[in-house]
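Here are some exercises to work through with the structure open beside you. Try each task before reading its solution.

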Amino acid sequence: MFDYNFHWRPVLKNLPDLLGAGLLTLQVAVLAMVVGIVIGLALALIRMHMRGPLYWLATGWVELARNTPALFQLFFFGFGLGAFGLHLSPFAIVLCGLSFNCAGYLAENFRGGFQAVPETQLRAARSLGMTAWQAYTRIIIPQVFRIVYHPLTNQLVWAVLMSSLGMLVGFRELSGETQFFASRTFRIFEYFAATAVIYYVIVKIILLASRLLAARLFRY
Amino acid sequence: MQETISFFSGFTPNDLWFLGEAALRTLWISALSITIGTILGGVFGWMLYEGKLTAALTLAPVLDIFRSVPLIIQLVLFYNFAPIVGLDLDPFGSGVVILTIYTAALVANVARGGIEAVGKPMRRAARSLGMSYWQDMRYVVLPIGGRAVFPAWVGVALGVMKDSALVSVLGYVELLKASQILITRTQEPFLILAIAGAFYFALSFPISRYAAKLEQRWAQ
């Protein structure tokens, strides 16, 4: 059946490079998540409390991010901005694209989280003498965080998986690096099989860490 | 006087035709994968629900792999794996196979959730009325559970439609690949990407809005 000789040696030789690229994948995903959380939170708050142009801007962002392919968004930051003479580095393209996408998806999660906390909580905190800031940081945000914790974990996993698109815009993260080695040795199957395993392990580590952290954070 | 030859030419109405054809290919590969994948995913979901320990130890980890490895890696891996086992698949065939399995892996969880959403008492009542197992499945579980997870299924289907853009990595000329080709020729990235993005958006936005509305109405 197999008319094909598997050659794993070059893969083994390049394994340290692949693992290093895996670290880069993780870095860009985490960075995009951090940016995405900040912008997503802002988008959610704007959509809940504001009217006018800012509302439409935030809504447009969220709907565009959710209703177009992530690859389209990467291409936009890659080639689309080139029309305005703006040329980003591959790293910046992936970071911008992922952040844009994550912010859109997270904004909806945050909005759901805020809406799930009853308004009476805020009023109760305020009538206990807390300032608005105290009420938000001590009463509302912790409850919202609990609700959006699992969606956040899922989004991080998606960010890791999505960063593989970096391969198509010339970014040498795990997938890009794999393609580079694969095209040099023509051992495409072997390299991509190894990469698939690395992605799987990264995702499992994230899920495990998230579960351990949740057990620690949400003891009560 | 010698005329200068340009490798680039502007965007013409003919190119719209080219984009339109590519958009149809996007629709075709998505529709095919989503249809087969949903049927397969329904069966998998039922197996996960009924199979208990056996399914949890065999089927679940396999489906989990397809959700933990980036789609683009799966596509490249399968496209290069098929010839090794003697399968002669073009990019379209490979794309359909992987997108179908990917859809099935996502739908399996949705389907299992749907079956679980139908209360045990309801099913016992159905069986007590003399319905057979399959009658119970067809006339009780399918309408009630299906309704509970329909919005989630729409989300999966739209996700696959957007992810079908990744089949371009195998050389299948769907909408995003076609735009890339046109961008290279016309050097008008912004216009062409806007057209491609508008197509995805026009398809995804109304459907996701409709699903959200249904979810709201059914929640009452």
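## Exercise 1: A span in chain A

Over residues 20–46 of chain A, the chain is 100% helix and 0% strand, with end C-alpha atoms 39 Å apart. This is a predicted model, so please read every value here as computed from predicted coordinates.

**Task.** Find which residues of chain A UniProt lists as "transmembrane region", and describe the span 191–214.

**Solution.** Start with the record. The unreviewed UniProt entry gives residues 20–46, 74–100, 152–171 and 191–214 of chain A under that name. Next, look at residues 191–214 of chain A: the span is 100% helix and 0% strand, and its end C-alpha atoms lie 35 Å apart. Then step back to the whole chain, where there are 8 helices and 0 strands. The C-alpha trace of chain A spans about 75 × 50 × 30 Å along its principal axes, and 43% of its 220 residues count as buried.

## Exercise 2: The spans in chain B

**Task.** Work out how much of residues 61–82 and of residues 190–212 of chain B is helix.

**Solution.** Begin with the annotation. For chain B, the unreviewed UniProt entry puts "transmembrane region" on residues 27–49, 61–82, 94–118, 139–161 and 190–212. Residues 61–82 of chain B are 86% helix and 0% strand, and the end C-alpha atoms are 22 Å apart. Residues 190–212 of chain B are 100% helix and 0% strand, and here the end C-alpha atoms lie 31 Å apart. For the chain as a whole, count 9 helices and 0 strands.

## Exercise 3: The form of chain B

**Task.** Compare the radius of gyration of chain B with that of a compact globule of 220 residues.

**Solution.** First take the reference: a compact globule of 220 residues would come out near 17 Å. Chain B, in contrast, has 22 Å. Then turn to the principal axes, along which the C-alpha trace of chain B spans about 95 × 45 × 25 Å. Burial comes next, with 39% of the 220 residues of chain B buried. Finally, consider the contacts in chain B with a separation of 6 or more: 77% of them involve residues 24 or more positions apart.

## Exercise 4: Where the chains meet

**Task.** Find how many residues each chain brings to the contact, and which helix gives the largest share on the side of chain A.

**Solution.** Count both sides: 31 residues come from chain A and 30 residues from chain B. On the side of chain A that touches chain B, α2 (53–67), α3 (70–78) and α8 (188–217) each supply at least two residues. The largest share is that of α8(A), with 9 residues. Sorting this side of chain A by type gives 23 nonpolar, 7 polar and 1 charged. The predictor assigns the complex an ipTM of 0.88 and a pTM of 0.90.

## Exercise 5: The nonpolar core

**Task.** Identify the helix that gives the most to the largest nonpolar core.

**Solution.** The largest nonpolar core has 115 residues, and those with the most contacts inside it include A:Leu71, A:Leu74, A:Leu98, B:Ile72 and B:Leu75. Helix α5 (residues 91–117) of chain B gives the most to this core, with 13 residues. Now zoom in on A:Leu74: setting aside residues up to four places away in sequence, A:Leu74 touches A:Ile93, A:Val94, A:Gly97, A:Leu165 and A:Val169. As a check on confidence, α5(B) has the highest mean pLDDT among the elements of chain B, 94, whereas helix α2 (residues 52–57) of chain B has the lowest, 85.

## Exercise 6: Two charged residues

**Task.** Decide whether B:Asp163 and B:Lys177 are buried or exposed.

**Solution.** Take B:Asp163, in helix α7 (residues 133–163) of chain B. With 21 other C-beta atoms within 10 Å, B:Asp163 is buried, because the cut-off is 20 or more. Beyond its neighbours within four places in sequence, B:Asp163 is in contact with A:Pro69 and B:Leu71. B:Leu71 is 92 residues away along the chain, yet the two C-alpha atoms are separated by 7.9 Å.

Then take B:Lys177, in helix α8 (residues 175–186) of chain B. B:Lys177 has 22 other C-beta atoms within 10 Å, so B:Lys177 is buried as well. Leaving out neighbours within four places in sequence, its contacts are B:Ser168 and B:Tyr172.

Conventions:
Residues numbered from 1 in each chain as written. Chains lettered and ligands numbered in written order. Predicted model: local features only at pLDDT ≥ 70, side-chain atom pairs only at ≥ 80, totals over all residues. Core = buried A, V, L, I, M, F, W, Y, C linked by C-beta atoms within 7 Å. Buried ≥ 20, exposed ≤ 12 C-beta atoms within 10 Å, placed from the backbone. Helix = DSSP H or I, 4+ residues; strand = E, 2+ residues; numbered from the N terminus. Contact = placed C-beta atoms within 7 Å. Nonpolar A, V, L, I, M, F, W, Y, C, P; charged D, E, K, R; others polar. UniProt positions renumbered as here; feature names shortened; annotations may be inferred. Rg over C-alpha atoms; globule rule 2.2 N^0.38 Å. pLDDT = per-residue confidence, 0-100.
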